[in-house]
Amino acid sequence: MANALNSITLRRLAIATVLVLGAGYALAFFAAPEDADQGFIQKIFYLHVPLATVALLGWIVAAIWAIQHLRTGDPKYDARSYVSIHISVIFGLAVLLTGAIWAKGSWGVWWEWKEPTLVSFLIVFLLYATYYPLRYAIEDRERQARYASVFAITAGAFVPLNFLAVRLAQPLVHPRTFSSAGGLPDSMLFAFLVCLAGMALLWATLVWFELDAKAASANLGRIRRRLEATT
Amino acid sequence: MIPLAIENADRYVGGAYLVFLLLLLIYVAIMAAKLSRIQRELGSLAELADRPSERLPRDVGPVRDREQEIEAVRQGDRG
Amino acid sequence: MTAFAALLSKDLRVELRTLRSLPAMALFAVTAFVIFRFGLDRTSLDGELAAGVLVPTLLFAALLAINRLFVAEREEGGFDLVRLAPVDRTVLFAAKASALVIYLVVLELIAVPIFALFFLDSASGLLPFALVLLLANIGLAATGTVISTIATMSSARDLLAPLILLPLLVPLVIAAAGAGEHLLAEGGPDYGRFGTWLGLLGLYDLIFLLVGYATFDFLLDD
């Protein structure tokens, strides 16, 4: 029963994602005006910043699932935490790649240490990348899940602190930021918000999808064990 | 500040969106592989589930013989 | 004697008797200074270069201590002792973190004067810098104890702890090196953004002491 319900939700999520994300990018390219300072290259903003925002929120969500896991011991929260981190790491990779392309197009360099968001993201990405070796290094399933949850909580607390620290480290004058989200004309802001919503839906769809696949594999494993026991 | 490579802006924007699309497609490909693995596993489990019904009569045979013995004795008692 | 005092004094007594961490840490730091002298081809450092050599060196020496933090427990079954005893497991966290702070302070008492001897023209910035280092030590101890516990129970423990810890310690490096850049400046200490860095360090310490305190129990459950 639960699986049937899940697949309906997954389908709805996927459809919503396509609609909202499609609308967002249509708005970004056809309705929003071209940026006066940066020109056409500013269009990357509608991709890079929503990806980054959703990735970060995803890691925070993972920390919340992890807290639930530690409080209740229910393995479903561990699965949700793991998949949330996983999808956010993939989004994070996209952030770094699109950020590098944007930097190259804006300033002629593939990397810019003076861009605080990009640098913060690199550090956070490096941290969450250690999540996988951490999990593989602990064999006992229950302990692995518990330790992963502690990690997810620690890392989640780290994210905002890291962004603050990197921002403080920038030279006080002339940090090179891609753009500020504040001070955007309405049409740009609206397009951005729709893209942001679309990315959030994409994230949720992928997380749901992956959780479903994991559940299916786990069920199959159980069935196989049951069948092999009775033959 | 005048952005560099103003003529190539299209390429960079296109490149960025392409990277995103490629990552998404790679993810879909990996999930498709997982799905086909699940299908194969499901297939082999279906086979496993069908097979034992051939063996059961043999296994249950001695039990059924014994049941008939007990039934015969019980009928003998009644009669 | 409270459980905290008992655990802490046990650790310190063992370290004093066996000296398994501190001499290595100090030796590592001093050797690293020599390597930097040749690597940078400089005999005098100030400002950002001074901070850039001192802070990472202290950090890597600290990683040595963190890797060895639970060696005794692992080899002699000390974890089981704490699990069986009717103590709040967070006491172990407090004791281990405090021991780590003490090791780091002792390390700095040895390494920083030697650094000054090797590279600094004036030592006037060192006293305020000591405050910066103390706050950084607390943050390092909080995060280090949690991650060390996680790594101890895993199979790749020597590799895992530094791997996870280094990104987590970046804010500390930013703050300590940022403060050091001004305090060890050529013309004498400059208190430019001193408050900012102290604030960042304090915030980091607070957050990760809380995180460690809240989650440590779950690391020892079995």
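**View 1. Chain B, a chain with few buried residues.** Of the 79 residues in chain B, buried ones make up just 6%. As for secondary structure, chain B has 2 helices and 0 strands. Keep in mind, here and in the other views, that this is a predicted model.

**View 2. Helices H7 and H8 of chain C, packed against each other.** H7(C) covers residues 126–152 and H8(C) covers residues 157–168; their axes sit 9 Å apart and make an angle of about 150 degrees. Angles over 145 degrees count as roughly antiparallel, so that is the label H7(C) and H8(C) get. The handedness of their crossing is right-handed.

**View 3. A closer look at the residues between H7(C) and H8(C).** On the H7(C) side, the contact is made by Thr143(C), Gly144(C), Ile147(C), Ser148(C), Ala151(C) and Thr152(C). H8(C) answers with Arg157(C), Leu160(C), Ala161(C), Ile164(C), Leu165(C) and Leu168(C). Sorted by class, this contact of H7(C) with H8(C) holds 7 nonpolar, 4 polar and 1 charged residues.

**View 4. Where chain C meets chain A.** Chain C puts 26 residues into this contact, and chain A puts in 24. On the chain C side, the elements giving two or more residues are H7, H8, helix H9 (170–183) and helix H10 (194–220). H10(C) has the largest share of that side, with 9 residues. What is the side of chain C that touches chain A made of, by class? Its residues divide into 20 nonpolar, 5 polar and 1 charged. H7 and H8, the pair from the earlier views, are thus among the elements facing chain A here.

Methods. Residues numbered from 1 in each chain as written. Chains lettered and ligands numbered in written order. Predicted model: local features only at pLDDT ≥ 70, side-chain atom pairs only at ≥ 80, totals over all residues. Helix = DSSP H or I, 4+ residues; strand = E, 2+ residues; numbered from the N terminus. Buried ≥ 20, exposed ≤ 12 C-beta atoms within 10 Å, placed from the backbone. Axes fitted to C-alpha atoms, helices over the stretch in contact; angles between N-to-C directions. Parallel < 35°, antiparallel > 145°, perpendicular 65-115°, else oblique. Left-handed = near helix turned anticlockwise from the far one by under 90°. Contact = placed C-beta atoms within 7 Å. Nonpolar A, V, L, I, M, F, W, Y, C, P; charged D, E, K, R; others polar.
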